[in-house]
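Please examine the structure shown here, with attention to how its helices pack and where its nonpolar residues gather.

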Amino acid sequence: MKILTLIFSLLVVAPFASATVCNQKSLEAAKNINVAVQHQFEIGMAPIADAYEAKVFLIEQQYCMGTISKEEFCSAGIEALEDSLGAVEAGHAVGVNSLSDLIEAVEKLAKAETDCQ
């Protein structure tokens, strides 16, 4: 199952994770990714960190497309990033996540907090 999740993450989530593209197609992709990853998490095939990452990506795309305000973006985004960081920290503690994953999660949260001030 972990291999399937890794392949899904590499092929579907990773190319969009740092996307600067902002159009209807990327928003629809974010919605579809979020639904798929949430379902995978619910059936035990995706880690919670992936579920939070998909949620963060969707929130970023919604803000980029103007479907949510900056206040909504900051509130929902920071909450999701805090949850994601917690999941990555827990994964790191048991050897599932690397130090690079942990540092990346800390940096994303710090950047969001800075951008939202």
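The following paragraphs treat one helix, its partner and the nonpolar cores in turn.

This is a predicted model. A convenient starting point is α3, which covers residues 48-64. Its 17 residues should span 24 Å at 1.5 Å a residue, and the C-alpha atoms at its ends are indeed 24 Å apart, so expectation and model agree. Buried positions in α3 are A49, A51, E53, A54, V56, F57, L58, I59 and Q61. Just after this helix, G66 adopts a positive phi of about 80°.

Helix α2, residues 24-42, packs against α3: the two axes come within 9 Å and cross at roughly 160°. Because an angle over 145 degrees counts as roughly antiparallel, α2 and α3 are therefore roughly antiparallel to each other. The crossing is left-handed. On the α2 side the contact is made by S26, L27, A30, K31, I33, N34, V37, Q38 and F41, while α3 contributes I48, D50, A51, A54, K55, F57, L58, Q61 and Q62.

The largest nonpolar core comprises 16 residues, of which I59, F73, L81, L85, V88 and L109 touch the most other members. At least two residues of this core come from each of α3, α4 (70-93) and α5 (99-115). The greatest contribution is that of α4, with 8 residues. Apart from this core lies another, of 8 residues, including A30, I33, V37 and A51.

F73 merits a closer look. Beyond its neighbours within four places in sequence, F73 is in contact with I59, E60, Y63, I68, I78 and C116.

Note on methods
Residues are numbered from 1 along each chain as its sequence is written. This is a predicted model: local features need pLDDT of at least 70, side-chain atom pairs count only at pLDDT 80 or more; totals for chains, interfaces and linings use all residues. Side-chain values use heavy atoms; hydrogens and water are left out. A nonpolar core is a set of buried Ala, Val, Leu, Ile, Met, Phe, Trp, Tyr and Cys residues joined through side-chain atoms within 4.5 Å. Buried means under 20% relative accessible area, exposed over 50%, partly exposed in between (1.4 Å probe, protein chains only). Helices (H or I, at least four residues) and strands (E, at least two) are DSSP runs, numbered from the N terminus. Contact means heavy atoms within 4.5 Å. The expected span of a helix is 1.5 Å times one less than its number of residues. Axes are lines fitted to C-alpha atoms, for helices over the stretch in contact, and angles run from 0 to 180 degrees between N-to-C directions. Angles under 35 degrees count as roughly parallel, over 145 as roughly antiparallel, 65 to 115 as roughly perpendicular and the rest as oblique. A crossing is left-handed if the near helix is turned anticlockwise from the far one by less than a right angle, and right-handed if clockwise.
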